[in-house]
Each structure stands twice: as structure tokens, then as C-alpha cells.
Amino acid sequence: MSISYGIVSTASIVPRFVAGIRASQEGKVSAIASRELAKAQKVATELNIPKAYGSYAEMFADQEIDIIYIATYNKGHFETAKQALMAGKPVLLEKPFTLSAAEAKELFALAKEKKLFLMEAQKAVFLPITLAVKKAIQAGKIGEIKLMRSLTSYPHIDHVKWFPSLEAGGGTLHGSGSYPLHYMHFITDENYQNVKGNAVMPKGRSDKQSDLSLKFGETILANIFITTEFGTDNGMTIYGTKGRIEIPNFWKTQVATIYTNEGREDLHIPFSSEFAFEVDHVNECLKQGLLTSPVMTPSLTIETVELVENQYQKWLNE
């Protein structure tokens with residue numbers, strides 16, 4: 001059984017996601033849609049996608065497509081996903097899922113009403129290295145977790161023309177906040193709380209830097225820093241009472257390193273596409289007839305959207 005994907009958008013992420021579908025066990029790419037047919041046709045030719053559509057509605061009506069993957073600009077996520085669900089299609093929606101918790105709740109309620117699968121695309125928690133890191137923590141290799149720190153830099157963001165616009169969903173926290181938030185939640189099985197944040201947000205535009213301080217459960221502190229102002233090594237470090245784990249580029253990595261008093265342990269799990277494991281998970285959910293993911297749950301997505309939304313409201317009122 002193969003699961004057929006329709007792609008909404010010709011954004012830079014699309015070629016990598018298409019590679020992920022093709023590297024998955026049962027996924028295939030059937031069509032791509034853009035508001036401009038010529039754009040869709042160009043990408044379809046480049047990526048060897050059978051069908052190109054000049055409107056989303058046309059593709060949503062295609063009976064051969066099993067699920068829609070949406071990677072439009074951030075503000076477009078809600079309306080496009082709603083349109084796909086109304087047309088009877090399951091949806092995998094890129095992060096940030098929506099720009100408000102109300103929109104996120106509405107989409108999940110609609111999907112439930114229509115008996116359709118809906119999930120936030122969040123490849124990091126499905127990576128083999130992520131699972132290996134979680135297993136090492138559960139085995140007690142670094143003792144009890146006490147601190148998690150993530151640092152993400154995107155110094156070359158100018159090609160994303162709408163990034164300076166908060167209304168369009170631009171900004172560092174909109175763009176990248178959900179990755180470390182979901183990763184930390186997945187690793188610890190604890191919810192985040194007591195969130196405090198700062199941002200560098202010039203008047204009339206989105207944030208160029210953001211920094212969150214959080215608590216997970218009762219005993220774990222966390223820090224999330226995201227910047228477009230300079231480039232540096234990206235990654236996450238998890239500190240425990242007996243050692244630490246360093247995970248470079250944690251949202252797409254094939255490697256991690258465990259440091260303890262006993263020495264250093266290198267983890268290396270190669271793959272051809274960081275998206276393949278997320279696609280495998282989605283395909284399995286569809287085969288089982290699930291409406292939501294047991295990993296990327298609706299409550300986790302809604303909580304994260306709400307956290308980000310609340311931070312922006314605070315920053316705008318400061």
C-alpha cells in the first residue's frame with residue numbers, strides 16, 4: 001500500500017520534503033499546487049512530480065491524493081489547512097501550526113468532525129538520533145536531567161521576504177520556537193511551564209532574536225535562544241547529574257555525543273532524509289485510521305501555539 005501526497009507550496013523546504021516522502025517506506029508524491037500554475041509546473045518538472053495544479057482547490061479535489069502537506073508562508077497555514085479539511089483531505093501542516101491557539105483548536109475540531117487525520121509537521125521528534133538520546137536518558141546514562149539549552153541561528157534569512165512581518169507570521173519564535181519546545185517535551189515527557197521571554201523586536205517588525213526561560217516538570221530548567229543576527233554552531237545540550245548529551249542541529253542530525261565520567265560515547269545513525277521518519281509515522285497513523293498522532297498530539301501543538309502567541313502579545317505590549 002502506498003500513501004499518496006499532494007504538496008501545497010513551492011517553498012525551499014519542498015524539495016527536501018519530497019525527498020523524505022521518497023525515502024519513506026510507503027509514501028509517494030502525486031501532485032504539487034501553487035497559486036501560479038507556471039510555478040507549480042516548474043517545480044513538478046524539477047522534482048519529477050506527476051501533476052501540477054494552479055489552484056489549491058483543484059488539487060484538494062483530486063481523488064488519487066491521500067493526504068495534503070502544507071508548507072505555505074506561516075499566516076497561510078490556517079486557511080489552507082481549513083480548505084483542505086473541508087474538501088475531505090487529511091493534512092500534515094508545517095510548523096508553526098497556526099498563529100493563534102483559537103485557530104489551532106478550530107482546525108483540530110474540524111478534523112475530528114470530518115473524521116480526518118491532522119498533525120503538525122515536526123520532524124525532530126521522529127529522528128533515530130532523538131529516539132537514541134531519549135533511550136540513553138531513560139537508561140540513566142547522564143543521571144537526572146537538570147538543564148536543557150538550545151541555540152539556533154539563521155544568519156541568512158533575507159531570502160524569506162515576509163520574515164520581517166509579524167502579521168505574516170515572521171520572526172524567530174514563530175519560525176523556530178516549536179522545534180526546541182517539542183524536542184524538550186519529547187525527551188523529558190514533561191510539560192513546560194513558568195515561561196519567561198525576551199526579544200529584540202524593532203518597532204513595526206518581527207523579532208530578530210528571542211530567548212525563553214522555562215521549567216519542565218518540577219526539577220528541570222531550560223533555555224531556548226534563537227537569532228538571525230549572527231551565525232554560530234546550532235544545537236542542544238542536555239545536562240544531567242552524571243554527564244551531558246550534545247546534539248548538534250538537533251532538528252535534522254545524524255549524530256550526538258554523550259559525555260560522562262566514564263568517557264565519551266558517539267552516536268551516529270545515518271539516513272538519506274531527515275523527513276522520512278516523520279512521513280513513516282504519518283503513513284502508519286493513516287493506515288491505522290487514527291485522526292491524530294500519539295506523539296505530536298493536538299494538546300501539545302495547541303499548548304505550543306498558545307505559548308508563542310502569549311509571548312508575542314507580551315512583547316508587543318512592553
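1. Let's start with the largest pocket of this predicted model. Helix 4 (76-86) and helix 7 (172-176) each supply at least two residues of its lining. Helix 7 gives the most, with four residues. The space in this pocket comes to about 1,100 Å³. Among its 43 lining residues, those closest to the centre are A11, S12, I13, V160 and W162, so have a look for these five when you turn the model around.

2. What kinds of residue line the largest pocket? Sorted by class, the lining holds 15 nonpolar, 18 polar and 10 charged residues. You can also ask which domains the lining draws on. Domain 1 (3-122) and domain 2 (128-270) each provide at least three residues.

3. Now for the second largest pocket, with a volume of about 170 Å³. It is lined by 13 residues, and H185, F186, V295, T297 and L300 are the closest to its centre. Helix 8 and helix 10 (298-317) each bring at least two residues to this lining. By class, the lining of the second largest pocket splits into five nonpolar, five polar and three charged residues.

4. How many cavities of 30 Å³ or more does the whole structure have? A search finds one. This largest cavity holds about 100 Å³ of space. Of the 14 residues lining the cavity, P96, T98, T304, V305 and V308 are the closest to its centre. Helix 7, helix 8 and helix 10 are the elements that give two or more residues to the lining, and helix 10 gives the most, with five. The cavity lining is made up of six nonpolar, six polar and two charged residues.

5. Where does the largest cavity sit relative to the domains? Domain 1 (3-122) and domain 2 (128-270) both contribute residues to its lining, so the cavity lies between them.

6. P96 deserves a second look. As well as being one of the residues closest to the centre of the largest cavity, P96 is joined to K95 by a cis peptide bond, with omega about -10°. P96 is found in the loop between strand 5 (91-94) and helix 5 (101-114). On the other side of helix 5, the loop between that helix and strand 6 (118-121) contains K115. The phi of K115 is near 60°, which is a positive value in a residue other than glycine.

7. Next comes the sheet. Eight strands form an open sheet with mixed pairing, in the order 8-9-10-7-11-12-13-14. Which strands are at the edges? They are strand 8 (192-200) and strand 14 (263-268), each of which pairs on one side only. From one strand to the next, the twist averages 10°.

8. For a closer view of one pair, try strand 11 (residues 235-240) and strand 12 (residues 243-248). They run antiparallel to each other and pair over six bridges. Within this pair, I238 stands opposite I245 of strand 12.

9. Finally, two helices meet the sheet. Helix 6 (residues 128-138) lies across strand 7 (145-153), strand 11, strand 12, strand 13 (255-260) and strand 14, and runs at about 175° to strand 12. Helix 8 (residues 178-188) also packs on the sheet, where it touches strand 7, strand 8, strand 9 (209-216), strand 10 (220-227), strand 11 and strand 12. The direction of helix 8 makes about 155° with that of strand 7. You have met helix 8 before: it gives residues to the linings of the second largest pocket and the largest cavity.

Note on methods
Residues are numbered from 1 along each chain as its sequence is written. This is a predicted model: local features need pLDDT of at least 70, side-chain atom pairs count only at pLDDT 80 or more; totals for chains, interfaces and linings use all residues. Side-chain values use heavy atoms; hydrogens and water are left out. Two strands pair if DSSP finds at least two bridges between them. Axes are lines fitted to C-alpha atoms, for helices over the stretch in contact, and angles run from 0 to 180 degrees between N-to-C directions. Contact means heavy atoms within 4.5 Å. On a 1 Å grid over the protein atoms alone, a cavity is a set of points where a 1.4 Å probe fits but cannot get out, and a pocket is an open set with protein on both sides within 12 Å along at least five of seven lines; lining residues have an atom within 4 Å of a point. Grid points are joined across faces, edges and corners, and a volume is the space filled by probe spheres set on the points. Ala, Val, Leu, Ile, Met, Phe, Trp, Tyr, Cys and Pro count as nonpolar, Asp, Glu, Lys and Arg as charged, and the others, Gly among them, as polar. Domain bounds come from an automatic or database domain assignment.
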